[in-house]
Structure formats: C-alpha cells, structure tokens
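Welcome! Please take a look at the sequence and the structure below, and keep both open while you work through the exercises.

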Amino acid sequence: MTEMDTIVSLCKRRGFVFPGSEVYGGLGGFWDYGPLGVELKNNIKRAWWRSVVQERDDVVGLDAAVIMNPAVWRASGHVTEFTDPLVDCKSCKKRFKADDLQGDRCPECGGDLTEVRKFNLLFRTFVGPVEDDASVAYLRPETAQGIFVNFGNVQTTMRKKLPFGIAQIGKAFRNEITPGNFIFRDREFEQLELEFFVKPGTDEEWHQHWAHERLDWYVRLGVDPAHLRIRPPDSLAHYAKAAFEIEYLFPMGWGELEGVANRTDYDLKRHTEYSQRDLSYFDEETGEHITPYVIEPSAGVDRSLLVFLLDAYHEEQVRKEKRVVLRLHKDLAPVKVAVLPLARNRPEIVALARDLAAKLRKHMPTMYDDTASIGRLYRRQDEIGTPYCITVDHQSAVTEDAKYDGMVTLRERDTMEQVRVPLTDIVAEVRRRIGC
Ligand code: GAP
C-alpha cells in the first residue's frame, strides 16, 4: 500500500502538485498543479470526455458558468440543505465536523465542545459593486445544476430523444470544514459530471449500468480492480432516491472516488416550480409530457488524479538499487517519450537527439534531457511515468570513434526492455506504441 506522504513528496519533488499560495504559508484546501500535474489532469479529463461524450451518440457536452442566478441554489435545495454538522472547541477554538468525532471532547486539547449546529458549505460572493443581500451569489458546489437549467436548451437544439445525457467538466467549490488527506478533500476542486436523462421506470436499470460502466473506466485506465468496489453510501443526498459509491482503497481506508446517484425527477421538477418555465419532455411515443429521471455519475478530477498516482506508484529493487516507477497508463502519462543523449559533450549526438525530440514533439508531449548520466535520466523518467525513453548514442550519429549504425535505443518503462530501432523508423514506432 502506497503511503500518502510518499505521493505528496513525489508530487512536490517532481512538479505535479504544490500547496496553493505556498510562499504565503498556503491556504487550507487549495492546491496548485505544476507542469506535470496539469498534463496529468488534462489527460484524465480528456480520457473521461472521450469515453463519456465522444465515443457515445447519446451524450453531448456543456460548459456552463460557475456563478449562476442564486435562485438556482434555492431551487436545488443547496441554500438550506447543503450542510455539515459543525462543533467548535470552547478552549482551543478549533472546528470539527461532528461526524468525524469519536467522543464528546475536543480531540486536540480535550476541551468542552459546543452544541452541534448546521454549517452551510456554499461559498458566497457578490455580483456587482454593491455588497448587500440582493447581490449575494454562490460559487457552484456541483456542476450539475448548470446542466439541469440548460436541459430544455440542449434537448431542443440537439433534438435529443430519451435516454440521453449531458456531460460537463468544471470547477466546484465547497467550504469544507475539514479539508485534508492531500487533494482528497479540497475547497476548490474539479468535477466530471454526467446527467443521464431516462424515462421513469427505466431508471434503476440505467443506474446499475452506469455504476458498472464507470468502475470499468478506472480499470481500463490501469487501476487494480482489487482496490475498487461499489457500495451503497451511508446516507443519501437530499436529492437522491438511491446511490452507489465507487470506492477506492486509499491509504486512510476505503473512501468515495465517485458517486453514481439516482436523482429522480427532483431537480427538473424543482427548477420548473421555481422558474415557472416548463422543463418537461414531450414523449412522441405516448403523446405525453413527462419529467425525465436522472442518473448521475459524478467524479472528482483531483480525487481520481490521486487514485491514478497511488495505484501507479511502485518501488522495486533493480541491481541492488531502489527503482521508483509510476506505471501510469500511456493515455494518462504526462510525458509520453523522453529523448536522452548518451554524451552531452558530443555535438553530433546532442544535435541528433534535439532534432529527434523536435520531430516527436509534433505528435506527443516529449522531453529532452541531458542533465545527468543515462542511469539517472532513466530513473527520473520512471518516477514521472514516462512510458518510453530513446537513447541516442555514439553509433546513432556519424562520429569519428564508433561504428555508425543509424539506430537508437528504445526503452520501455515497465519491463525496462531495450530494443534497437533505426532512426528512420523511430517516430512511427513510438507513435504506434503510444497510439497517436
Ligand atoms: N453532483 C453530485 C455531487 O456533487 P458528490 O458526491 O458531492 O456529488 C461527487 O461529489 C464527486 O466529487 C465525489 O465523489 C468526489 O470525487 C468529488 N468531490 C466532492 N467533494 C470534493 C472535495 N471537497 N474535494 C475533492 N473532491 C470532491
């Protein structure tokens, strides 16, 4: 089992994730993604979008505004229901989520605790120059509502018939009482949400379908199935009739990775009531207006990024030395190939390697590195999950002291297997292996 500290330290050391506004001491629950982190995050989003939207003909995409009319959040129930139970310590003034406490005393100092009260997780802001009650707005706590209020727009413009879905990727914000476990629980995070609209009566079958389809997605991207399970949650959200949680075996135990909820017709009916606009669907088969039911697979980008890193991380002994390798799926790896010259003091070799890296870069994220010995360069690439390394050596280029063969060495990350490939074929060979 990979420890969380190991991943936190790898992320910092190699440029995946940094504490947000670190030079000012950070801010709890906010994180910045570094050069490799942003690539990994984009690859996760791309893989999800491809699987949920582009490879299906029954799902379309949307990109709605983060800040919406506050009436949206009154209708959705978030203004009154989106709360966690909060207690304060009367002595040290620390705050806790009541659900997380074992006894009735402060876990930090043993002091007396206040009565439990409801704490609303919505972040408030103001729209326009006047900061009064009339200008209060909220940062969205889920991307889903942008989809519900656009149900009519999307359905009519795309002429979609049930069952069909609308997918969205975007930031969400929650003023969590206790953010923590690295990027597991943040105050700013990103969601991958699908609202799949179905005829009432077919909802339970679709609920099962999506729970399994989503679990399979993680497995297809390399997560060990033994580290995943589907479970009913301990409690249901205010909008749900039933739910599944796709859980992962995190270092702190099993925890939610993705929720798959049956939201029924709750949201569309509430928005119809509050907006006075008809959000029903005309069923041509029966000639009736119906309000569709909704199955909602909802995942976190940050949380799944943590899972992909935890699951890919391996330490092994190679020739009596520790090798750290991130066995990331090739579609997720931030860098697909690294080009490494065997001797950086040989201009012919360096020129050839740089030229090869430039050619590869047109097709895939490529790194050129000549700042250490070849052994160290391989280790560095293993640690960031680069599937292939290409070494350019004295025989690859025309040099005075070696026999020219015009070949380079292609090394595979997981097996460390090395093959010689002609320079003329190498770009095509790596493209074939990466699939781009
Ligand atoms: N629209 C439904 C919804 O938002 P949720 O179970 O509250 O449901 C869905 O959130 C997913 O979003 C979670 O499974 C998790 O992956 C991610 N998520 C929720 N809160 C988060 C937080 N504070 N930090 C990071 N990810 C979070």
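What follows is a short set of exercises, each with a worked solution.

Before starting, note that this is a predicted model, where local features need pLDDT of at least 70, side-chain atom pairs count only at pLDDT 80 or more, and totals for chains, interfaces and linings use all residues. Residues are numbered from 1 along each chain as its sequence is written, and side-chain values use heavy atoms, with hydrogens and water left out.

**Exercise 1. The ligand and its shell**

Task: Find the residues that come nearest to the ligand, and describe the shell around the ligand.

Solution:

Step 1. Start with the neighbours, where a residue is near if one of its heavy atoms lies within 4 Å of the molecule. There are 20 residues around the ligand, and those that come nearest are Glu142, Arg174, Asp186, Glu193 and Glu256.

Step 2. Now look for polar contacts, which are pairs of N or O atoms within 3.5 Å; within protein, one must be able to donate a hydrogen and the other to accept it, and residues adjacent in sequence count only if both atoms are side-chain atoms. Arg174 places a polar side-chain atom 2.8 Å from an oxygen atom of the ligand. Glu193 has a polar side-chain atom 2.5 Å from a nitrogen atom of the ligand. With Phe184 the backbone takes part: one of its polar backbone atoms is 3.4 Å from a ligand nitrogen atom.

Step 3. Check how far the ligand is covered. On its own the ligand has 550 Å² of accessible area, and the protein covers 91% of this. Such areas come from the Shrake-Rupley method with a 1.4 Å probe; for residues, only the protein chains shown count as cover.

Step 4. See which elements contribute; helices (H or I, at least four residues) and strands (E, at least two) are DSSP runs, numbered from the N terminus. Two or more shell residues come from each of strand S10 (188-198), strand S13 (253-264) and strand S16 (293-300). S13 gives the largest share, five residues.

Step 5. Sort the shell by class: five residues are nonpolar, four are polar and eleven are charged. Here Ala, Val, Leu, Ile, Met, Phe, Trp, Tyr, Cys and Pro count as nonpolar, Asp, Glu, Lys and Arg as charged, and the others, Gly among them, as polar.

**Exercise 2. The sheet of seven strands**

Task: Trace the strand order of the open sheet of seven strands and find its edges.

Solution:

Step 1. Two strands pair if DSSP finds at least two bridges between them. The order is S3-S9-S10-S16-S13-S12-S11, and the pairing is mixed.

Step 2. Strand S3 (59-61) and strand S11 (228-231) are the edge strands, each pairing on one side only.

Step 3. From one strand to the next, the twist averages 25 degrees. For angles, axes are lines fitted to C-alpha atoms, for helices over the stretch in contact, and the angles run from 0 to 180 degrees between N-to-C directions.

Step 4. Zoom in on S11, which runs antiparallel to strand S12 (residues 242-250) and is joined to it by four bridges. In this pair, Arg229 stands opposite Glu247 in S12.

**Exercise 3. The sheet of five strands**

Task: Which strands stand at the edges of the sheet of five strands, and why is one side of each left without a neighbour?

Solution:

Step 1. The strands of this open sheet follow the order S20-S19-S21-S22-S23, with mixed pairing.

Step 2. The edges are strand S20 (366-368) and strand S23 (418-422); each has a single partner strand, so one side of each has no neighbour in the sheet.

Step 3. Strand S22 (residues 407-412) and S23 run antiparallel, joined by five bridges. Leu410 stands opposite Val419 in S23.

**Exercise 4. A cis peptide bond**

Task: Where does Pro163 lie?

Solution:

Step 1. Pro163 is in the loop between helix H6 (151-158) and strand S9 (164-173).

Step 2. The peptide bond from Leu162 to Pro163 is cis, with omega near -5 degrees.
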